[in-house]
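Hi,

Here is the structure I said I'd pass on to you. Have a look at it first, and then read on for what turned up.

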Amino acid sequence: MVQSIPLIVRGACPHDCPDTCAWQVTVQDGRATRLKGDADHPHTRGSLCAKVNHYLDRVYSDARVLHPLRRTGPKGSGTFEQVSWETALAEIAAGLTERIDRHGGTTVLPFSYMGTQGLLQGETPGSRFFGRIGASRLVRAVCASTGSAGVAQAIGTNVGLLPDEIRHSRFIILWGTNTIVTNVHLWPFIREAQAAGATVVVIDPATTRTARSADWHIQPLPGSDTALAMGLMHVIVRDGLQDADYLERHATGFTEFAARLDEFTPERVADICGVPPEEIERLAHAYASTPASCIRLLVGMEHRAFGAETFRTIAYLPVVTGAWRHRGGGLLFLTAGLHWGAMNTERLEREDLTPPGTRSVNMIQIGAALNDPDLDPPITAVIVHGANPVVTMPNQSLTIAGLSRDDVLTVVHEQFLTDTARYADYVLPATTQVENLDLMWSWGHDHIALNTPAIAPLGEAVPTTEFFRRLSAAVGLDDDDLYLTDDEMLDIALDSDQFRSMGITRERLERDGWAQLHSERGATPFSDGGFPTDDGRCAFVPPSMRPGAPAKARWPLHLITAKGSLHFLNSSYAHVAWHTKAEGELTVAIHPDDASARGIAHGDRVEVVNDRARVPAKAHVGDVRRGVVALPSGWARGAEGVSANALTPDGLSDAGGGGDFHDTFVDVAPAREEVRAPASR
């Protein structure tokens, strides 16, 4: 048999990650045989992460769902039988119609997030379907919304410095971000800055891979970052290191704000943060005395009751020092605004289809909504795609209880039998990124990419777009926009004045794979102010907190649930054998003093416990400061049926709709030992 000539197909990674890597797939005789990073892409630079290097293992995994499945056993048992698409859709449509006729459209709850980040295969096709049937709105605010709200309160936007500009920085603070693991393609730019003389500081309670590679590691207590930022500004203003001219010309409210700084002396802040006063002084002087200083934020720190306030307060620092004046100076956060400002999404999303006044359900509180006896109408149908809420949403036991209800029709469009899919009535097979068309935006750089399908869908898998076309037909909907083809959707998305002004066309993307978006503000976006606020100035608002000793928690250890896994992303890859083997067991990091006080040695079997759950893990003694433990998020539930989110609360943050699940306190004990909550103090 003569083999065909290998074909190289351009595409881009679909994952919820700031890097949005461009890749190239080698295809021979209809099978993808190799996947590599695009060497010409300015951020990917030919390399992929430990997860995506093995993406084809995911595509061809024996565990993939390739045919429609209908539940045969109890919810959660994972027992299904194969049925045809026609049978599954007919039964789903009948179930939806019966529930909508009885309760109205809001009895249906959509649930999706960035299991795929693309415009076409993400949330867009579902928004048209759910709007047309009048389903409840889902507030998708679990990540970036709270931090974005906080930064925008200060400077009017979450888009500041562009990522590659960090190479020009000479003092870099990586505040609450493990760059080497969660934003690996930014690290080479940081290394360029280091080689040119930059100092890299990591602020993180945990000793991450990034912290080990930095010049300076500062370990505050979790949730004390607002106080630390205020303490830094106290020293800067006290010692006359602020840029008074920049503040006068480009800020409002600073006089009132500065009066509050008197409360945040290094000594008082040290009591809150657990950082020595002299280290606070040293950091303030080093940061303020380096003109091209950059603060890098990502989304981890925002998941707190006062997360927006923290991000707003940190965003004031480069305004106080005038760092925005200098190339490489300022704040580096997100870039998604550049992409969403350029893409034509109005017709694709069709917000006008949703009836005015339709109720909203915050995704963070899906468990509470499913179990609320007073919710009228009740939620009796859930349609999930691109998400695994049983693992990734807080208060896991409540989510499981809701999805275990026999009266809730649950439909999951998925690639694997995830923890959520195990509670489904129907699981419908979804394509992977090498099998579908998509337009990939990024929240971590300024390049948009076209993902061209490299192979035909395996089995009976279909893209998200086709799933909703089929579901719309089964339910009997007739709006033309519900049946847009993928090619039509792509052409609509690219039909914008912004893309035309940048010379970005479908033909160019098909030829090159990706294209750079251009920011009108350039390399120094706020060098002369011009913040996109109502008055063009940064708005200073004092924090609500007052300095004082930290409140005693009922449980003694503060839990960090960070994205620290090299081989998992949220819960993606947790069902692929190579990745679970490479990642090993779930481990909890604990300080040597805290471990010793509990009779725990490195490698011991332990339980992480609070009044919500007990999570079994293996002890890793080290890599966190005293009073803190770290448990990776995103792992699939183990044999015991729990993961890190079994421990977390589902309250909301102060702005943006995000959650407070990092305000979690626990204890750790040897496995099988009874642990009691300490008496309230």
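Let's begin at the start of the chain: in which sense do strands S1 and S2 pair, and over how many bridges? S1 (residues 7-12) and S2 pair in the antiparallel sense, and six bridges hold the pairing. Before going further, please keep in mind that this is a predicted model.

**The first strands**

Within the S1 and S2 pairing, glycine 11 stands opposite tryptophan 23 of S2. On to strand S3 (residues 31-37): S2 and S3 run antiparallel and are joined by six bridges. Tryptophan 23 turns up again here, with glycine 37 in S3 as its bridge partner. So if you click on tryptophan 23, look for glycine 11 and for glycine 37.

The hairpin of S2 and S3 has two residues between the strands, and there aspartate 29 takes a positive phi near 55°. As for S2 itself (residues 22-28), six of its seven residues are buried, which leaves the strand mostly covered.

**The cysteines**

How many disulfides does the count come to? Zero. Cysteine 13 is in no disulfide, and the nearest cysteine sulfur, that of cysteine 21, is 6.1 Å away. A disulfide would need the two sulfurs within 2.5 Å. Cysteine 21 is likewise in no disulfide, with the sulfur of cysteine 13 as its nearest cysteine sulfur at 6.1 Å. Cysteine 13 is buried, at a relative accessible area of 8%, and cysteine 21 also counts as buried, at 8% relative accessibility.

**A covered strand further along**

Is strand S16 (residues 409-414) enclosed or open to the outside? Six of its six residues are buried, so S16 is largely enclosed by the rest of the structure. In a regular strand, side chains alternate between the two faces of the sheet. In S16, Leu409, Val411 and His413 point one way, while Thr410, Val412 and Glu414 point the other way, and all are buried.

S16 has pairing partners that you can trace by eye. Strand S15 (residues 381-385) runs parallel to S16, and five bridges join them; one contact to look for is valine 384, whose bridge partner in S16 is valine 412. S16 also pairs with strand S17 (residues 426-429), in the parallel sense and over four bridges. In that pairing, histidine 413 has leucine 428 of S17 as its bridge partner.

**The barrel**

Towards the other part of the model, six strands make a closed barrel, in the order S22-S26-S23-S25-S24-S27 and with mixed pairing. Neighbouring strands of this sheet are turned by 45° against each other on average, direction ignored. One of the pairings is between S23 (residues 587-590) and S26, which is antiparallel with two bridges. There, alanine 589 stands opposite alanine 630 of S26.

**Salt bridges**

How many salt bridges does a search of the whole structure find? It finds 45, and here are a few worth opening up.

- Arginine 212 and aspartate 623 meet through their side chains in a salt bridge, at 2.8 Å from N to O. Arginine 212 lies in helix H7 (residues 209-213) and aspartate 623 in the loop between strands S25 (614-621) and S26 (628-630), so the pair ties together parts 411 residues apart in sequence. Aspartate 623 is partly exposed, with a relative accessible area of 27%.
- Arginine 325 and aspartate 245 form a salt bridge of 2.7 Å, N to O. Because arginine 325 sits in the loop between helix H13 (307-321) and strand S13 (330-332) and aspartate 245 in helix H9 (residues 244-250), this pair ties together parts 80 residues apart in sequence. Arginine 325 counts as partly exposed at 28% relative accessibility, and aspartate 245 as partly exposed at 40%.
- Aspartate 481 forms a salt bridge with arginine 347, with the closest N and O atoms 2.8 Å apart. Aspartate 481 is in the loop between helix H19 (464-475) and helix H20 (486-494) and arginine 347 is in helix H15 (residues 346-349), so the pair links distant parts of the chain, 134 residues apart. Aspartate 481 is buried, at a relative accessible area of 7%, whereas arginine 347 is partly exposed, at 40%.

Finally, salt bridges that share partners join Asp243, Asp245, Arg249, Arg325 and Asp528 into one network.

Cheers

Notes
Residues are numbered from 1 along each chain as its sequence is written. This is a predicted model: local features need pLDDT of at least 70, side-chain atom pairs count only at pLDDT 80 or more; totals for chains, interfaces and linings use all residues. Side-chain values use heavy atoms; hydrogens and water are left out. Buried means under 20% relative accessible area, exposed over 50%, partly exposed in between (1.4 Å probe, protein chains only). A salt bridge is a side-chain nitrogen of Lys or Arg within 4 Å of a carboxyl oxygen of Asp or Glu. Two strands pair if DSSP finds at least two bridges between them. Axes are lines fitted to C-alpha atoms, for helices over the stretch in contact, and angles run from 0 to 180 degrees between N-to-C directions.
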